[in-house]
Amino acid sequence: MEGFKVDKWGYEVKTNSDSCISSINSYYHQVLSYGRERSVILEAPKQDPTCVLANILAAHYLSSADSSRALPLLQAAKSYLEQASLYEKVVFDVINCLISPSRDDDVAVELHFKLLKDFPRDLVSLKRAQVLCFYMGRPDLSLKLVEQVLSVNKQESYIYGMLAFSLLELGRYTDAEEAANKGFEIDSEDAWTHHALCHVYQYKCRFKEAVQFMEKCSRTWSSLSSFMYTHNWWHVALCYLEGHSPMEKVRDVYDQNIWKELERSDASPAEVYLNAVGLLLRVYVRGGINVFGDRLKILADCLTNKAFWYLEWHLDVLVVWALSCTGEVSKAEELLEGLKSRISKMTKKKRQHMQRAMLKLYSNMARVKMNGRWNFLTRHLMLLTTRLLEHQTNSLMFSMMFGSLCC
């Protein structure tokens, strides 16, 4: 059709610009590979300011970190929507829902189901939907999404890593291992498949095998985002920890493969801090924090910088722990009060979900404070925080996958 080109998936996009399509396709690759060059999508609307797909994808990329820059892109997408392809219109509707201040997550998931029914090759939309399901705590929906499109993507890179993770979340470890191995056969450099296989090995207590596998794969990780790079190494460190290796082994991974990421000029500090504090929490629970010297204090000092507050709930909860654990009690209280305030401004539906988690956190902090101790080995708080560490993340996941963080 005149004035239309096709993207990586073979779907029509209203543009005459090969450069615009190339930037969109590059963005697809960066998202699915957890690359650190997702900002390439910002080139697409420069190359064709009238392209709806370019504008809406760029708006989504910026929405969590720089909403003032996202708004003109969203408006541009709206203004050219009438001339866009059907595929672009559907993607616009989905992302417009996602970046709405009053977003209803259930509606957003349903829109993704409809999009993938008509456009099943769009693996970036599948990934976006699975991330949404992950922080909603709905692995059942995540699996349904990937199963819906599996038949037309059987030989595609990335699909089996996405399948494997959904199976993992549902406790189907044998099926997850089979799916991840199939993905590894198709693309041995897919970091999400590496991640899924490591999860399998951890769940089955095959810690030595997990470390050997991940360290072998790590030579392909240099182009990963700060989050995915440090998160995969976080898993290596956990395997050392849970496999009862010397605590010095865990410390070496922290120093050389997590904290050292901050030396890179294109590092995203918040993404590094998330995995750093998550690892130190585990070490603390295991009674090994003395081996780490003043590392927790150094990290906590970084986290007193309010630029790293309110980026996402998972990180905020961990920051509360790190600050309180290192004597920054007033800062921890300030952050916690800020979280309560933000919950109060949510829609009723979201507020009810968040209040249940945050009230547990707050009650534990209050009880420990009344006892005159800010000792966060309190069993309930440890269980809550560790649970959040393993299973709950929200806007940072969207940021690491599709956008960037203001750090």
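**Reasoning from cut-offs in a predicted model**

Mentor: In this predicted model, helix α17 has 13 of its 13 residues buried, so the helix is largely enclosed by the rest of the structure.

Trainee: How do you know that the span of α17 agrees with what is expected of a helix?

Mentor: At 1.5 Å a residue, the 13 residues of α17 (residues 313-325) should span 18 Å, and because the end C-alpha atoms are 18 Å apart, the two values agree. At the start of this helix a side-chain oxygen of Glu312 comes to within 2.9 Å of the backbone nitrogen of His314, and after the helix comes Gly327, with a positive phi near 90°.

Trainee: Why is the pair Cys239 and Cys198 not called a disulfide?

Mentor: A disulfide requires two cysteine sulfur atoms within 2.5 Å, whereas the sulfur of Cys239 is 4.1 Å from its closest cysteine sulfur, that of Cys198, and is therefore too far away for a bond. By this rule the count of disulfides is zero.

Trainee: What makes Cys239 buried and Cys302 partly exposed?

Mentor: Buried means under 20% relative accessible area, and partly exposed lies between that and 50%; Cys239, at 2%, is therefore buried, while Cys302, at 23%, is partly exposed.

Trainee: Why is the pair Arg282 and Glu242 called a salt bridge?

Mentor: The cut-off between a side-chain nitrogen of Lys or Arg and a carboxyl oxygen of Asp or Glu is 4 Å, and the closest N and O atoms of Arg282 and Glu242 are 3.3 Å apart, so the pair qualifies. Arg282 lies in helix α15 and Glu242 in helix α13 (residues 226-242), so the salt bridge ties together parts that are 40 residues apart in sequence. Arg282 is buried at 10%, and Glu242 is buried at 19%.

Trainee: How do you know that Glu271 and Arg38 also form a salt bridge?

Mentor: Their closest N and O atoms are 3.9 Å apart, which is within the 4 Å limit, so this pair counts as well. Glu271 is in helix α15 (residues 269-285) and Arg38 in the loop between α1 and α2, 233 residues apart, and both residues are buried.

Trainee: What makes Lys127 a buried residue without a salt bridge?

Mentor: The nearest side chain of opposite charge, Asp190, is 7.1 Å from Lys127, and because the limit is 4 Å, that pair does not qualify. Lys127, which is in helix α7 (residues 123-136), does have a polar contact of 3.0 Å with the side chain of Tyr34.

Terms used: Residues are numbered from 1 along each chain as its sequence is written. This is a predicted model: local features need pLDDT of at least 70, side-chain atom pairs count only at pLDDT 80 or more; totals for chains, interfaces and linings use all residues. Side-chain values use heavy atoms; hydrogens and water are left out. Buried means under 20% relative accessible area, exposed over 50%, partly exposed in between (1.4 Å probe, protein chains only). Helices (H or I, at least four residues) and strands (E, at least two) are DSSP runs, numbered from the N terminus. Lys and Arg count as positive and Asp and Glu as negative; His and the chain ends are not counted. A polar contact is a pair of N or O atoms within 3.5 Å; within protein, one must be able to donate a hydrogen and the other to accept it, and residues adjacent in sequence count only if both atoms are side-chain atoms. The expected span of a helix is 1.5 Å times one less than its number of residues.
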